[in-house]
Amino acid sequence: QSLSSLDLSGNQKISLLTSLDLWNNEISSEGCKWLSEALKINQSLTSLYLCYNEISSEGCKWLSEALKINQSLTSLYLCYNEISSEGCKWLSESLKINQSLTSLDIRGNQISSEGCKWLSEVTQNKSIIDFSSS
């Protein structure tokens, strides 16, 4: 069975969370919309694992909006999420602004050479140490 609801409102220790693993939870792009709102205000999360969640390029759009604001996340794992080159375009736009992300894993997605080009161009000019796309 999968978790369908988790209410952590009022939990003061959630602000100390540094790593969140949501691997294979069917989050989808709609779930990314809500997750992105939390990322915009979170200042402690450094690693986010979202592999195998079918977030698609639309989910990348929401995550990218959060990455423009969030400056604590250093590692983002988006493996096998049905992300296309459009999602890479969204991510590349946010990485032009984001100063904290040093590791991005997008292996196993539907990314064309154009999408890889957008991301590789921006990662060459940033401090992204670990960029995995194949």
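A disulfide is a pair of cysteine sulfur atoms within 2.5 Å. Keep that cut-off in mind for the second view of this predicted model.

**Figure 1. The whole chain alternates strands and helices from its N terminus on, in the order β-α-β-α-β-α-β-α-β.** Count along with us: there are four helices and five strands. Of the 134 residues, 41% count as buried. Among contacts with a separation of 6 or more, 87% join residues 24 or more positions apart. The accessible surface comes to about 7,600 Å², and carbon and sulfur atoms own 49% of that area.

**Figure 2. The cysteines of this chain form zero disulfides.** Start with Cys79, which is in no disulfide: its nearest cysteine sulfur belongs to Cys51 and lies 3.3 Å away. Cys79 is also buried, at a relative accessible area of 4%. Now move to Cys88. Why is Cys88 without a bond to Cys116? The sulfur of Cys116 is the closest cysteine sulfur, but it is 6.1 Å away, so it is too far for a bond. Cys88 is buried too, with a relative accessible area of 1%.

**Figure 3. Helix 3 (85–95) turns several residues inward, and Cys88 is one of its buried residues.** The other buried residues of this helix are Ser85, Gly87, Leu91, Ser92, Ser94 and Leu95. What do these buried residues pack against? Their partners are helix 2, strand 4 (103–105) and helix 4. Here is a handy rule for reading such a view: an α-helix has 3.6 residues a turn, so residues three or four places apart point the same way.

**Figure 4. The largest nonpolar core of the chain holds 25 residues.** Which members touch the most other members? They are Leu48, Leu50, Leu76, Leu78, Leu104 and Ile106. Helix 1 (28–41), helix 2, helix 3 and helix 4 (113–124) are the elements that give two or more residues to this core. Helix 2 provides the largest share, with four residues. Take a closer look at Leu76: leaving out residues up to four places away in sequence, it touches Leu48, Leu50, Leu67, Leu101, Ser103, Leu104 and Asp105.

**Figure 5. On the outside, Trp23, Tyr52 and Tyr80 make a nonpolar surface patch of about 330 Å².** Where does Tyr52 sit? Tyr52 is in the loop between strand 2 (47–49) and helix 2 (56–67). Its relative accessibility is 39%, so Tyr52 counts as partly exposed.

Definitions and conventions: Residues numbered from 1 in each chain as written. Predicted model: local features only at pLDDT ≥ 70, side-chain atom pairs only at ≥ 80, totals over all residues. Heavy atoms only, no water. Buried < 20%, exposed > 50% of the residue type's maximum accessible area, 1.4 Å probe, protein only. Patch = residues over 30% accessible without salt bridge, like charges linked within 9 Å, V, L, I, M, F, W, Y side chains within 5 Å. Areas by Shrake-Rupley, 256 points an atom, 1.4 Å probe, with all protein chains shown as cover. Salt bridge = Lys/Arg side-chain N within 4 Å of Asp/Glu carboxyl O. Core = buried A, V, L, I, M, F, W, Y, C linked by side-chain atoms within 4.5 Å. Contact = heavy atoms within 4.5 Å.
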